Amino acid sequence: MIDAAGNPLAHVPGMPTVTVIGDGQLARMMQTEAIELGQSIRLLAASPDASAAQVAADVVYGDYTDLADLRRAVEGADAVTFDHEHVPTEHLRALIAEGVNVQPGPDALVNAQDKLVMRKRLREIGAPVPPFAAIESVEDAEAFFDAVDGAVCLKARRGGYDGHGVWFPADRAQLRTLVAELLAAGTPLMAEKKVALVRELSAMVARTPSGNVAAWPVVESVQTNGICTEAVSPAPGLSPELGQRARDLAVHVAEELGVTGVLAVELFEFADANGQPDIAVNELAMRPHNTGHWTQDGCVTSQFEQHLRAVLDYPLGSTAPTAPVTVMANVLGGDTDPDMPMGQRMAQVWQRFPHAKIHLYGKPWRAGRKIGHVNVSGDDDTRVRREANLAADYLVHGRWADGFIAA
């Protein structure tokens, strides 16, 4: 029998309690940092085997779309935050009306829930975004197709992640068919102009309710089939001027949207009409983010500690790097799972790369699933990237991609 009431004895008297809505790896890694801060998060989880529920001491079981379950989870908490952005905003407004300290609040969070709302708000505050339009009919889609000379990226307004909910129709006929099918299925849509992408960047900041802000170095986010597979800090070859613009933009977005906690501003880097590097906002995430995992081992203050400090309105920690280069490589489940147990794979990685930091999420294998990541720091970006990716690949496949054979 699951005890749905949680464990109020899991918290030290006099220390703040933070409720985290969501039970994935982000909440799991928040719990790790909460322990070091003398705290323990309270978790609203769907099941005992969820990634964060495995390690949190105070777990309330329920559904984040059910207001009654949310009320049980937030009772007595000093702050309430999230490891995903999908909690209905009307529920959050109800909690705030009852005196609950929700960070970030629904007025900010809605911009990470609905891509069209986000695009409109970003345009209002002067943030650079690609041309976009709401798509409510096939005729809307065709008009946008003509306006951008066929360079259409079609997006589901809500719920897309890791490449899901994003389509690149090859021509007008495919666009018509795709839009008709999606609208008939009840999928709210928007479209934006496909940019001439050079690469993707991520500018991350943390902001407290009292308005203090700290920014991390801008990183390059390497995407494979719509999924982040690597984050490199600092972004290689990024000019100081463009890097400062990206950081300033992230701070501007956080302040104008009223974001509290960690904010990831995912950016497109592209060449402007004169061939000069430029940036535009792709997505927003109002929580710790995959592109910030490098901070666990390459920065004075990790994104997870910083998020907890921010939502409690504590002074923010230093975002100074602790190494010239840190690379995070995701561990994604392969097409098959090797016979070699994961513990043995980890041992083989450490035998070859004793400095590699492995972070696993307590998730069983599933093809394409994020089950962990590897951080490697050093002073040579080529070597660090190679080692991080070799280590992550070994954890996936149980053999060295470069043919290495241990002595």
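A search of the whole structure, which is a predicted model, finds 0 disulfides. The count of salt bridges comes to 25, and that of aromatic pairs comes to 3. The points below take up the cysteines, the aromatic rings, the salt bridges and the positions that UniProt marks as a binding site.

**Cysteines**

- A disulfide is a covalent bond between the sulfur atoms of two cysteines.
- C153 is in no disulfide, and the nearest cysteine sulfur, that of C228, is 17 Å away. A disulfide needs the two sulfur atoms within 2.5 Å, so C153 and C228 do not form one.
- C153 has a relative accessible area of 4% and is therefore buried.
- C228 is likewise in no disulfide; for this residue the nearest cysteine sulfur is that of C299, 17 Å away.
- C228 is buried too, because its relative accessibility is 6% and the limit for buried is under 20%.

**Aromatic rings and a charge over them**

- A pair of aromatic rings is described by the distance of the centres and the angle of the planes.
- The count comes to 3 aromatic pairs. One of them joins F353 and W400, edge-to-face, with 5.8 Å from centre to centre and 90° between the planes.
- This pair links distant parts of the chain, 47 residues apart. F353 is in the loop between α11 (342-352) and β16 (357-360), while W400 is in the segment after α12 (381-397).
- Both F353 and W400 are buried.
- W400 also pairs with F404: the ring centres are 6.0 Å apart and the planes stand at 90°, so this pair is edge-to-face.
- The two rings of that second pair differ in exposure. W400 counts as buried at 10% relative accessibility, whereas F404 is partly exposed, with a relative accessible area of 34%.
- Through ring pairs, F353, Y394, W400 and F404 are linked into a cluster.
- R352 has its charged end over the ring of W400, 4.6 Å from the ring centre. The charged end of R352 also sits over the ring of F404, at 4.0 Å from its centre.

**Salt bridges**

- Side chains of opposite charge can pair when their charged atoms come close.
- Among the 25 salt bridges is the one between D58 and R42, with 3.0 Å from N to O.
- D58 is in strand β3 (residues 58-61) and R42 is in strand β2 (residues 42-45), so the pair, 16 residues apart, links distant parts of the chain.
- Both partners are buried: D58 has a relative accessible area of 1%, and R42 is at 10% relative accessibility.
- R309 and E305 form a salt bridge in which the closest N and O atoms are 2.7 Å apart.
- These two residues both lie in helix α10 (residues 303-311), 4 residues apart, which is about one turn of the helix.
- E305 is buried, with a relative accessible area of 16%.
- D337 and R345 form a salt bridge whose closest N and O atoms are 3.4 Å apart.
- D337 is partly exposed at 37% relative accessibility, but its partner R345 is buried, with a relative accessible area of 3%.
- A network of salt bridges links R119, K155, E192 and E283.

**Positions marked by UniProt**

- An unreviewed UniProt entry places the feature "binding site" at K115, K155, E192, K193, K194, V195, E200, N282 and E283.
- Of these positions, K155, E192 and E283 also belong to the salt-bridge network with R119.
- K194 is in the loop between β8 (189-193) and β9 (197-207), and V195 is in the loop between β8 and β9 as well.
- K194 is partly exposed, with a relative accessible area of 40%. V195 also counts as partly exposed, at 22% relative accessibility.
- Not counting residues up to four places away in sequence, K194 touches A151, V152, C153 and F168. One of these, C153, is the buried cysteine described above.
- With its neighbours within four places in sequence left aside, V195 is in contact with P130 and F268.

Technical notes:
Residues numbered from 1 in each chain as written. Predicted model: local features only at pLDDT ≥ 70, side-chain atom pairs only at ≥ 80, totals over all residues. Heavy atoms only, no water. Phe/Tyr/Trp six-rings, centres within 6.5 Å; stacked < 30°, edge-to-face > 60°. Buried < 20%, exposed > 50% of the residue type's maximum accessible area, 1.4 Å probe, protein only. Lys NZ or Arg CZ within 6 Å of the ring centre and 35° of its normal. Salt bridge = Lys/Arg side-chain N within 4 Å of Asp/Glu carboxyl O. UniProt positions renumbered as here; feature names shortened; annotations may be inferred. Contact = heavy atoms within 4.5 Å.
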